[in-house]
Protein chains: 2
Amino acid sequence: MTAPPDRRAAAALDAGDPLTSFRSRFPHPDPARLYLDGNSLGPMARGVEERMHATIEAWRDDQVEGWADWVALPTRVGDRLAQTCLGARPGEVLATDSVTVNLFKLAHASLDLRDGAVVTDAANFPTDRYVLAAVAASRGRRFVLAGSVTEALAVPDAALVCLSHVDYRSGRRLDLPAVTRATDAMVLWDLSHSVGAVSVDLGRADLAVGCTYKYLNAGPGAPAFLYVRHELQDSLVSPIQGWFGQRDQFAMGPTYEPADGIERFMAGTPPILGLAALDASLELVADAGIAAIERKAAALTGMAIELADAWLEGLGFELVTPREPGERGAHIALRHPEAWPICRALIERERVIVDFRQPDILRMGFSPLATSFVEAWDAIDRLRRLVTAGDHRGVDTSARRIT
Amino acid sequence: MTAPPDRRAAAALDAGDPLTSFRSRFPHPDPARLYLDGNSLGPMARGVEERMHATIEAWRDDQVEGWADWVALPTRVGDRLAQTCLGARPGEVLATDSVTVNLFKLAHASLDLRDGAVVTDAANFPTDRYVLAAVAASRGRRFVLAGSVTEALAVPDAALVCLSHVDYRSGRRLDLPAVTRATDAMVLWDLSHSVGAVSVDLGRADLAVGCTYKYLNAGPGAPAFLYVRHELQDSLVSPIQGWFGQRDQFAMGPTYEPADGIERFMAGTPPILGLAALDASLELVADAGIAAIERKAAALTGMAIELADAWLEGLGFELVTPREPGERGAHIALRHPEAWPICRALIERERVIVDFRQPDILRMGFSPLATSFVEAWDAIDRLRRLVTAGDHRGVDTSARRIT
């Protein structure tokens with residue numbers, strides 16, 4: 001094994017990084033803080049801050065006439081997402097509501113097309129599992145919580161299989177096109193932990209949802225998105241039949257008739273401030289290019305893994321994240337029996353902002369546009385020093401889990 | 001009939017108005033513009049602007065640690081709504097999602113408690129009618145679109161009756177406690193067109209939803225709210241079972257178990273910017289007091305009706321709104337065969353911002369905290385002069401309806 005990079009080598013990686021200038025487009029309010037939790041809440045870019053201020057001014061000054069522009073945001077931002085991040089076509093993506101609500105809409109609607117079970121894997125994100133179980137129960141379908149993705153794909157009578165593209169704990173990334181091809185069931189992809197960090201090739205995938213407050217940096221509780229393959233749209237009807245999904249919204253006619261295309265999956269009035277922030281954030285993705293972002297994610301996580309291998313041996317850590325760059329996203333997960341106190345001590349004593357997942361996972365997210373190689377190096381260095389010195393013991397672990 | 005007030009009399013009403021100082025807490029970006037569309041999108045108060053900027057700064061500077069404060073916003077803002085506007089108890093109101101999604105959740109859940117039909121009146125707001133029809137169909141219930149509120153309340157096998165407290169077109173206000181008592185069905189109130197304009201006495205009402213971007217001035221697409229009477233909460237389960245409604249959210253356990261109390265009606269991650277704006281807006285309501293706001297709404301609409309009676313006779317208008325103040329909200333509706341060109345001409349030529357509802361309704365909303373008596377006087381005066389001169393004819397009526 002070769003020696004791991006020293007700090008100068010990390011600085012050299014920054015100097016050679018084609019995306020290095022993007023880091024300056026994010027305020028770094030506290031230089032001593034290393035922010036490795038962009039996979040829970042992405043940092044704010046300056047352009048996003050400006051756009052939010054402009055949107056507040058538009059409400060203040062234009063009042064209701066602002067809607068002449070705002071009304072197109074869910075589809076316009078959706079198209080931008082499709083083009084910059086998702087490998088989808090115009091008219092296939094809509095930015096609106098939360099992941100939970102969008103997942104509910106698509107899962108429920110998809111069962112009109114297929115008989116059979118609703119399937120996901122036990123490691124999938126909680127909201128996915130909970131929503132799907134309830135949808136299956138209300139539609140009288142069998143719900144299968146499979147022990148693995150492989151088992152989920154092997155369920156013979158599956159109508160719908162829901163999978164996360166990148167696992168929120170391990171960071172493992174699935175081969176989305178290959179998995180989609182491997183099953184006759186419809187696949188509903190949750191892209192929350194991959195979108196904006198690695199390229200997504202929806203290609204001929206059926207259904208997807210995802211969140212925008214992680215790697216897309218659109219702010220706390222920013223609107224989520226949903227994707228429906230063009231050819232499926234006219235045969236799916238949202239269970240939440242709201243006026244924004246109505247064909248002729250302001251005719252306000254007696255009965256609901258779904259709009260043509262993706263707009264039928266709208267429900268109520270969309271959140272304009274969040275959509276504006278997302279729109280501005282996608283400008284950075286467009287400028288950088290998702291392929292370059294994915295390359296940097298691979299390099300950052302690759303260096304972090306290399307350092308962890310070299311420095312954390314014998315300290316009780318186990319790398320959970322795949323070592324093959326194409327098989328992971330932009331975060332790494334380290335298992336440790338004391339992961340929770342280590343997480344708290346890293347945050348409170350070392351100002352390395354990371355997070356924890358039950359029961360024993362320490363997550364470090366390397367938001368590609370905002371994070372430098374030196375920051376990643378420093379973070380693993382601080383982790384090494386903390387645990388070597390045993391300084392995580394005795395830290396206050398009573399803090400409420402908030403993300 | 002006595003002579004209607006002249007402009008000096010309107011100015012005297014402003015001088016004697018205990019809420020007159022609140023008007024200066026709203027920027028008035030264009031002094032020539034009379035904004036009477038606060039019933040579609042309320043104007044922004046300065047305190048709301050400041051709070052939004054502070055929230056953007058908190059995301060920028062505190063990043064994920066902002067959630068330590070934000071996580072309580074849905075219930076904290078809900079409690080503030082309960083106290084300032086709704087006559088409800090702490091723990092009965094939650095600020096989250098859209099009216100459409102909240103209506104879906106509560107209507108769906110309520111049917112677990114009662115057999116029978118889902119009922120609303122044909123004049124109810126479109127999203128209510130559409131959502132309820134779909135919920136009834138998916139639950140195998142009869143859906144009744146009654147010809148009137150009276151007919152809706154007379155449906156013998158009703159499980160759920162959904163009614164708007166203030167009608168979005170006519171402005172007619174129902175006696176909420178009396179109607180609630182008049183039926184054995186559960187009543188789901190839509191408060192979108194009354195909350196923040198007149199007092200709401202939920203008292204022992206069962207269920208309610210409402211929006212906050214009208215008279216509560218929380219911004220375009222701001223989060224809505226829902227109310228569930230305390231005694232009912234533990235027997236209702238949301239059909240959208242998301243991780244924010246889970247009992248121990250960050251345990252991320254295998255199965256959904258609804259949280260105790262109102263939090264079980266959360267779905268996904270709540271929109272923080274909109275919640276912060278709503279929280280700040282409720283400070284104005286608390287400062288003014290909803291009883292004083294309701295008195296001013298009655299006085300503003302009363303003067304407008306008096307002027308309309310005096311000035312618009314013979315011009316083809318018919319007042320649709322009840323003349324008894326306790327039977328209306330804070331907007332008035334005038335029926336006119338040329339309502340649409342009059343609406344467009346008022347906006348484009350006279351800068352009186354009003355809106356139109358199919359097929360022939362001109363709406364004028366008098367947002368009590370932001371609107372003066374002189375503004376209301378001027379608006380009716382401009383309407384009189386416009387229609388008397390026939391200046392609404394030939395106006396461009398091709399504008400897209402946006403609100």
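Begin by colouring chain A by pLDDT, the predictor's confidence in each residue, from 0 to 100: chain A averages 96, and 99% of the residues score at least 70. The model as a whole scores ipTM 0.96 and pTM 0.97. This is a predicted model, in which local features need pLDDT of at least 70, side-chain atom pairs count only at pLDDT 80 or more, and totals for chains, interfaces and linings use all residues. Residues are numbered from 1 along each chain as its sequence is written, while chains are lettered from A and ligands numbered from 1 in the order in which they are written.

Next, display both chains. Chain B superposes on chain A (least squares on the C-alpha atoms of residues with pLDDT of at least 70 in both) through a rotation of 180° with 0.0 Å of shift along its axis, at RMSD 0.0 Å. The two copies are thus related as by a two-fold rotation axis. Both copies use the same surface, since 100% of the contact residues of chain B recur in chain A (contact: C-beta atoms, placed from the backbone, within 7 Å).

Now select the domains of chain A: domain 1 covers 7-44 + 290-389 and domain 2 covers 71-288, with bounds from an automatic or database domain assignment. Their centres, taken over C-alpha atoms, are separated by 28 Å. Domain 1 of chain A gives 31 residues to the contact and domain 2 of chain A gives 23 residues.

Finally, select helix 11 (290-311) and strand 10 (331-335) of chain A, the elements that give two or more residues to the side of domain 1 that touches domain 2. Helices (H or I, at least four residues) and strands (E, at least two) are DSSP runs, numbered from the N terminus. Helix 11 of chain A supplies the largest share of that side, six residues.

Conventions
Two residues are in contact if their C-beta atoms, placed from the backbone, lie within 7 Å.
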